[in-house]
Each structure stands twice: as structure tokens, then as C-alpha cells.
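Hi everyone, thanks for making time. I'd like to walk you through the aromatic rings in this one, so have a look at the structure first.

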Amino acid sequence: MHTSTDRILTTHAGSIPRGEPLGQMLIDEEAGKPVENSALESNVGLRVSHVLEKQVEAGIDIINDGEQGRVGFQTYVTQRMSGFGGVSKRPYGKEFIEYPQFTKRMMERLGKISKVFDAPEAIADIKYRDTALINAEIERLARLSAAVKPHATEFFMNAPSPGIIATTMLNAHYASHEAYLDAVAREIRTEYLAVIKAGFVLQIDAPDLAMERVLLFQDMSDMEYAKLVEQHVAALNRALEGIPADRVRLHVCWGNWEGPHVHDVAMEVILPALYQANVGALGLEFANPRRQHESAALRKYKLPDKLILIPGVIDPKSNIVEHPEVVAQRIETVVAAVGDRERVIAGVDCGFGTFVGWEWVTEDVVWAKLATLRAGAEIASKRLWSRKAEPASSS
């Protein structure tokens, strides 16, 4: 995995809006409606080429396929694993109850979306069927990335954590949450290995490690939740066994919706558990108004020397395009907390299109935000490389 040896590198969290007609085709496919396979494949290919070119045009260094062929960043696995059926009934967070006017407006705004709170549940032993679909994704990215490869530093592919699969597609079969988690870890490992074998950096998307504190586990204390995070990280480590840590980055977020977020767990509660993950990079939120102060957590719990930090310095839930100076200041704040400019890669808080229809930011603004990410990183780089990186201070 590349580091910021002579300037701050840039990346993003993974998902990018699918556009039309692809978005509707993916929703129809998920719903079991007939979709012409050749048309679907053609549209996915066109979109992957498009988002690769746009990422390079914006100046992003470490890029991906935008998850264009996936209806949701984790719900797509039900198309690749057997044992799922019925409907999960995920609980709504407290803020959706406490702020009913917000909730009503939010649902009206979203319109037609893929399955978010009503995905299938585990009703039998789950089993990864075969590698045909993941191999097709890998082949597509390898083939289409050739056109932009000279302009990109590195390529990554996303895959969901065992924990976010287990907390989205709820357990209606296994004897315990732990047993279900272990089964998911065993099966999703197939996908992890395929990505690594293909030579791409593997990004694990794990909002379960922060977001689920306000959803499935909203009645837990912070201490109880920290223990649960340790359990989920241990399951992830089992799924990653034998995979070089420096080829894996872990993305953690607090939920990709534009809402109050007043019950979010503090970063310092979960950070020690996150450091237990056998990965080479950790992506965390620092751009949105509930996370901008969290550099204090990095000062309290120093980033291990083994880890690169990918701080979110762009908010994917607001159509306001950040000023490059704002981006630069966010980067510099995190570098000061880490104490090492080379182990910081500027990123985005979360994906821009985690589920089809769940997009908060329009695609034209996505590209503007990624361009300002590059511009802000250039400003920060000039200042950071004109002096020694500031050492991290104690809290």
C-alpha cells in the first residue's frame, strides 16, 4: 500500500452514484424483476469506465470502480451467497423517533431506493456459491483500468465486513450472533482472497464498528459496545487470516445519512478496538459536524506505527463543495495528531452512493468535491513538506 512519501495522496471511500438507467436496473434485479443481462453488463461497463476517468480527471490517486455493479455496498452479497430469504426488520435509530419531522422529510426525499432496512435475513446455513460474480468484477476492473493506469497510483476494491453483513441481513437461523458472525467471516473470506489474488488493495467496509451503536445495539452502554466491536474485529481478523495487512484498509463510519447523529458513539470509545484489526490502513470520519473534533481521540490513543490513516476530509452527505483551504486545514489537523505526514492519505467520510437511491450528493457535485479534495491536499502538501510534520501531543 502506497504512503504519502512526498505529498498527501488522495482517495475516497468507494461507492459513487450509479446513474441511470443502471440504477433502476440494479433495483429491478434485486427485486427479482426480469433484467436483460447483456444490457446490464453493458451499462455497468460503461459506468465503470466513466467513473475511472472522472476520478483521474479530479486528481484522485487511489481509485476504484465506484461499486457500479452493486445495488448496495453490502446487500449485494445475498446474490452471491445462499441461505438468505424473507425480510430483515432492522430497528430504527433513536433519532428517527426523536425527530419525526426530519424522518418524514428524509423518507420523502429518498424516493425509490434499494433494500436498506428490509434486506433478506439468514434463514439457513449461508454459503458462498461460487466466484463467478466477483471474478467478473475483478476482470472488468482490470480490463477497464488499463486506460487510466498511467494516471493512478493504486487501485482498490471494496468488500463488506462480516459484522455489517450480520447486522444488515439479520440472523433468523444460527444459535447466536457470534455463531452467525463466524459463518459470515468464513464465507466472505472467499471474496477477500479473490481481490487480493488479483493484486488490488482490499478495502473492508465496516460501519458496524461505529454506526450499529445507534441501530441494532442502541441499548448497549459504551463499554458493552466496545466489547462488541472487539468481537466483530476478531471475526474480521479470522476472515483476513494469511492476507498481508499492508494490502488491506478498513473503512469505519457512523452512518451515511444526513441527520442529527446526536447519539453517535465517540471515536475514543471504539478506537482501541479498531487498532486490533489486522489491516494496514484505517479510514475514519473527520469532515462532518459530528466528527470534526475527533482528532482529540487520535491524541489520546496514538495511531499504531503499523497503520496508515485515511481521514475523511470531505462530507459525502452535503452538496456544499468544501473550500480547498478547509480541506487543507482538516488534513493538517490530522497530521498534527498522528505526528507523521507520510502515514496520512486524504479521503472522504463515506461513500457517495452506498445504496442505489440513497445518494445525498448529486454526481456532478461528487466530481467537484473530489477535485477540491485534490486541491486541498496540494495546499496541505506544500505547507507540510516545507516543514517537519508536527509531533502528536498528549491529551
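Before we start on the rings, one term: a residue is called buried when its relative accessible area is under 20%. And keep in mind that this is a predicted model.

Okay, so how many aromatic pairs does the count come to? It comes to eight. Let me take one of them, Phe96 with Trp257. Their ring centres are 5.5 Å apart and the planes meet at 50°. Stacked needs under 30 degrees and edge-to-face needs over 60, so this pair is tilted.

Where do these two sit in the chain? Phe96 is in helix H3, residues 94-98, while Trp257 is in the loop between strand S6 (248-251) and helix H9 (267-274). That's 161 residues apart, so the pair links distant parts of the chain.

Are they buried or exposed? Phe96 has 7% relative accessibility, so it counts as buried. Trp257 is buried as well, at 4%.

Now for another pair, Trp358 and Trp360. Here the centres are 6.0 Å apart with 80° between the planes, which is edge-to-face. Both of these tryptophans are buried, too.

Back to Phe96 and Trp257 for a second: they belong to one aromatic cluster, together with Tyr92, Phe102 and Phe117.

Last thing, charges over rings. Arg70 has its charged end over the ring of Tyr76, 4.1 Å from the centre. Then there's Arg249, which lies over the face of Phe156, 3.9 Å from the ring centre.

That's my tour, thanks for listening!

Methods:
Residues numbered from 1 in each chain as written. Predicted model: local features only at pLDDT ≥ 70, side-chain atom pairs only at ≥ 80, totals over all residues. Heavy atoms only, no water. Phe/Tyr/Trp six-rings, centres within 6.5 Å; stacked < 30°, edge-to-face > 60°. Helix = DSSP H or I, 4+ residues; strand = E, 2+ residues; numbered from the N terminus. Buried < 20%, exposed > 50% of the residue type's maximum accessible area, 1.4 Å probe, protein only. Lys NZ or Arg CZ within 6 Å of the ring centre and 35° of its normal.
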